[in-house]
Amino acid sequence: MLIGFSANIQRPSKTRALVEEIMAALGGGFGPAHLHDLSDTARAFGGALHAGELTGEAARVLAAIERADALVVASPVYKGSYTGLFKHVFDLVRPDALYRKPVIVAATGGGPRHALVVEHQMRPLFGFFRARVMPTAIYACDADFSDGKPADTTVRARIAEAAGELLDSRPAFAA
Ligand SMILES: Cc1cc2nc3c(=O)[nH]c(=O)nc-3n(C[C@H](O)[C@H](O)[C@H](O)COP(=O)(O)O)c2cc1C
């Protein structure tokens with residue numbers, strides 16, 4: 001199962017739209033696919049100091065992240081980094097739950113200046129988990145979107161590349 005997780009807390013959301021495009025590029029290659037965004041569960045996650053305090057949808061989202069065969073994770077950039085709630089959700093994930101899990105990391109920001117957040121902040125976080133982060137990470141800013149969807153040709157090429165890399169990880173996934 002493929003799980004998409006987007007840390008947006010508003011809708012419509014560019015971050016969610018980016019995850020949707022990445023998941024579409026994967027074309028069902030990991031079987032059933034589900035996309036969760038934080039706009040429904042942000043307060044539940046934010047009020048939990050430990051995973052055991054989560055109930056309902058937030059508990060289901062955490063379990064889905066931990067059980068996924070592959071992940072597409074994305075955050076809006078807030079103050080030059082992933083959002084506090086994005087980090088908080090992954091603070092609640094068991095340290096060994098993402099071991100060897102193939103992951104695409106992505107982020108959106110208002111402008112181009114924080115493009116390396118995917119390399120300097122998201123990639124090391126999933127390095128902690130010893131996940132298999134795909135070589136191609138994706139960043140898109142306001143100017144890269146048209147009609148709410150990522151339209152920039154470079155961004156779209158990176159989506160295709162990252163999706164191809166995740167699909168290439170499937171032999172290990174099937175084994
Ligand atoms: C509190 C806050 C802080 C932000 N900080 C940054 C920032 O440091 N750099 C940046 O490029 N954009 C920043 N933005 C803009 C968002 O990253 C950008 O609009 C993002 O695409 C929003 O994603 P969403 O549509 O999924 O909510 C900030 C927005 C908010 C609300």
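This presentation covers selected features of one predicted model: a helix pair, a ligand shell, two buried residues and some uncommon backbone geometry.

Good morning, colleagues. I shall begin with the packing of two helices. Helix α1 covers residues 14-26, and helix α6 covers residues 153-168. Their axes come within 9 Å and cross at roughly 50°. Because of that angle, α1 is oblique to α6. As for handedness, the crossing of these two helices is right-handed.

Which residues form this contact? On the side of α1 they are Glu21, Ile22, Ala25 and Leu26. On the side of α6 they are Ile159, Ala160, Ala162, Ala163, Leu166 and Leu167. Sorted by class, the contact between α1 and α6 holds 9 nonpolar residues and 1 charged residue, with no polar ones.

Helix α1 also takes part in the surroundings of the ligand, to which I now turn. There are 16 residues around the ligand. Which of them come nearest? They are Ser13, Thr15, Pro76, Gly109 and Gly110. In terms of secondary structure, α1, strand β3 (70-78) and strand β5 (102-109) each contribute at least two residues to the shell. By class, the shell around the ligand comprises 10 polar, 3 nonpolar and 3 charged residues.

Strand β3 brings us to Ser75, which is one of its residues. Is Ser75 buried or exposed? Ser75 has 29 other C-beta atoms within 10 Å and is therefore buried. If we set aside residues up to four places away in sequence, Ser75 touches Ala7, Thr15, Tyr82, Thr83, Phe86 and Ala107. Thr15, I would remind you, is also listed among the residues that come nearest to the ligand. Ser75 and Ala42 are 33 residues apart along the chain, and their C-alpha atoms are separated by 13 Å.

A second buried position is Ala58, in helix α3, which runs over residues 56-67. Why does Ala58 count as buried? It does so because 24 other C-beta atoms lie within 10 Å, the threshold being 20 or more. Apart from neighbours within four places in sequence, Ala58 is in contact with Thr41, Ala44, Phe45 and Ala48. The C-alpha atoms of Ala58 and Arg43 are 9.3 Å apart, with a sequence separation of 15 residues.

I come now to the backbone. Most residues other than glycine have a negative phi, and most peptide bonds are trans. Three places in this model depart from that pattern, and I shall take them in sequence order.

The peptide bond from Arg11 to Pro12 is cis, with omega near 0°. Pro12 is located in the loop between β1 (2-6) and α1.

Next is Lys79, whose phi is near 55° and thus positive, although the residue is not glycine. Lys79 sits in the loop that connects β3 with β4 (81-82). With 8 other C-beta atoms within 10 Å, Lys79 is exposed.

Finally, Arg130 has a phi near 60°, again a positive value in a residue other than glycine. Arg130 belongs to the loop between α5 (117-128) and β6 (132-133). How is Arg130 classed in terms of exposure? Arg130 counts as partly exposed because it has 13 C-beta neighbours inside 10 Å.

To close, I return to the ligand: α1, β3 and β5 each supply at least two residues of its shell, and α1 also meets α6 through residues that include Ile22 and Leu26. Thank you for your attention.

Conventions. Residues are numbered from 1 along each chain as its sequence is written. This is a predicted model: local features need pLDDT of at least 70, side-chain atom pairs count only at pLDDT 80 or more; totals for chains, interfaces and linings use all residues. Axes are lines fitted to C-alpha atoms, for helices over the stretch in contact, and angles run from 0 to 180 degrees between N-to-C directions. Helices (H or I, at least four residues) and strands (E, at least two) are DSSP runs, numbered from the N terminus. Angles under 35 degrees count as roughly parallel, over 145 as roughly antiparallel, 65 to 115 as roughly perpendicular and the rest as oblique. A crossing is left-handed if the near helix is turned anticlockwise from the far one by less than a right angle, and right-handed if clockwise. Two residues are in contact if their C-beta atoms, placed from the backbone, lie within 7 Å. Ala, Val, Leu, Ile, Met, Phe, Trp, Tyr, Cys and Pro count as nonpolar, Asp, Glu, Lys and Arg as charged, and the others, Gly among them, as polar. A residue is near a molecule or strand if its C-beta atom, placed from the backbone, lies within 6 Å of it. A residue is buried if 20 or more other C-beta atoms lie within 10 Å of its own, exposed if 12 or fewer, and partly exposed in between; C-beta atoms are placed from the backbone.
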